[in-house]
Amino acid sequence: MVLPPTETRRLEKDELLQIDIEFFTDKYGKKFVRALKAAEDGKVVKYTFSPSETSTWIVRGKKREYMVIPEVYCTCRSFYQDVVISRETNMCYHLLAQRIAELRGLHESREGTDQDRRQMYIEWRRTD
Ligand SMILES: [Zn+2]
């Protein structure tokens, strides 16, 4: 899922106006509303691990945390069901929340070691 450049520019604006919200809601439906709320509520976290300098994006959902590979993949059930299996859509709201948070600078940044990362991946990689 790659957002068109016109949409990324729109999401980067200092202030989202009603007309912008309506545009995205028309296009993405409730998914956009959920994604924007998640981004604004600080549910999107970017971890940077050292010394490898790799980063991992996480979106905190109701029950657990989901690992998101920006524009590509999410470990949630909906991504698996609706994107991979039935191909009804090309994204879940976590993927959209990650884009919104990154473009609007709403994400939380955390740091850890590569050892932490190995431990955290065990949980994040779960897809059930
Ligand atoms: Zn997801």
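Which of the 25 residues in the largest nonpolar core touch the most other members? In this predicted model, they are Ala 35, Ala 39, Val 68, Leu 96, Ala 97 and Ile 100. Helix H3, strand E2, strand E3 and helix H5 (93-104) each give two or more residues to this core. The largest share comes from H5, with 6 residues.

Two of these core residues serve as entry points. Ala 97 is found in helix H5. With 32 C-beta neighbours inside 10 Å, Ala 97 counts as buried, because the cut-off for burial is 20 or more. Neighbours within four places in sequence aside, the contacts of Ala 97 are Ala 35, Ala 38, Ala 39, Lys 43, Val 44 and Val 59. Ser 109 lies 12 residues from Ala 97 along the chain, and their C-alpha atoms are separated by 15 Å. Val 68 is the second entry point. Not counting residues up to four places away in sequence, Val 68 touches Trp 57, Ile 58 and Val 59. Its other contacts on that count are Cys 74, His 94, Leu 95 and Gln 98.

The strands come next. Five of them form an open sheet with mixed pairing, in the order E4-E3-E2-E1-E5. Strand E4 (73-74) and strand E5 (108-113) are the edge strands, and each pairs on one side only. Helix H6 (residues 114-124) packs on this sheet. H6 touches strand E1 (44-50), E2, E3 and E5, and its direction makes about 115° with that of E5. Strands of a sheet pair through backbone hydrogen bonds, in a parallel or an antiparallel sense.

The pairings can be followed from E1 to E4. E1 and E2 pair in the antiparallel sense over 6 bridges. Within this pair, Thr 48 has Ser 55 in E2 as its bridge partner. The two strands form a hairpin with 3 residues between them. Glu 53, in the turn, has a positive phi of about 60°.

Strand E2 (residues 54-60) also pairs with strand E3 (residues 65-69), in the antiparallel sense and over 4 bridges. Three pairs of residues mark the register. Trp 57 stands opposite Val 68 in E3. Ile 58 stands opposite Met 67 in E3. Val 59 has Tyr 66 in E3 as its bridge partner. E2 and E3 form a hairpin too, with 4 residues between them.

E3 and E4 run antiparallel and are joined by 2 bridges. Ile 69 stands opposite Tyr 73 in E4. These strands form a hairpin with 3 residues between them. Glu 71 sits in the turn and has a positive phi of about 65°.

Trp 57 merits a separate look. Its place is in strand E2. Is Trp 57 buried or exposed? Trp 57 is buried, because 22 other C-beta atoms lie within 10 Å and the cut-off is 20 or more. Leaving aside neighbours within four places in sequence, Trp 57 is in contact with Val 44, Lys 46, Val 68, Pro 70 and Gln 98. Val 68 therefore appears both as a contact of Trp 57 and as the residue opposite Trp 57 in E3, where pairing is defined by DSSP bridges. Leu 16 is 41 residues from Trp 57 in sequence, and the two are 23 Å apart in space, C-alpha to C-alpha.

The last element pair is helical. At what angle do the axes of helix H2 (residues 18-28) and helix H3 (residues 30-40) cross? The axes cross at roughly 125° and come within 6 Å. That angle makes H2 oblique to H3, because it falls outside the ranges for roughly parallel, roughly antiparallel and roughly perpendicular. From H2, the contact is made by Phe 24, Thr 25 and Tyr 28. From H3, it is made by Lys 31, Phe 32 and Val 33. By class, the contact has 4 nonpolar, 1 polar and 1 charged residues. H3 is also one of the elements that give two or more residues to the largest nonpolar core.

Key:
Residues are numbered from 1 along each chain as its sequence is written. This is a predicted model: local features need pLDDT of at least 70, side-chain atom pairs count only at pLDDT 80 or more; totals for chains, interfaces and linings use all residues. Two residues are in contact if their C-beta atoms, placed from the backbone, lie within 7 Å. Axes are lines fitted to C-alpha atoms, for helices over the stretch in contact, and angles run from 0 to 180 degrees between N-to-C directions. Angles under 35 degrees count as roughly parallel, over 145 as roughly antiparallel, 65 to 115 as roughly perpendicular and the rest as oblique. Ala, Val, Leu, Ile, Met, Phe, Trp, Tyr, Cys and Pro count as nonpolar, Asp, Glu, Lys and Arg as charged, and the others, Gly among them, as polar. A nonpolar core is a set of buried Ala, Val, Leu, Ile, Met, Phe, Trp, Tyr and Cys residues joined through C-beta atoms within 7 Å. A residue is buried if 20 or more other C-beta atoms lie within 10 Å of its own, exposed if 12 or fewer, and partly exposed in between; C-beta atoms are placed from the backbone.
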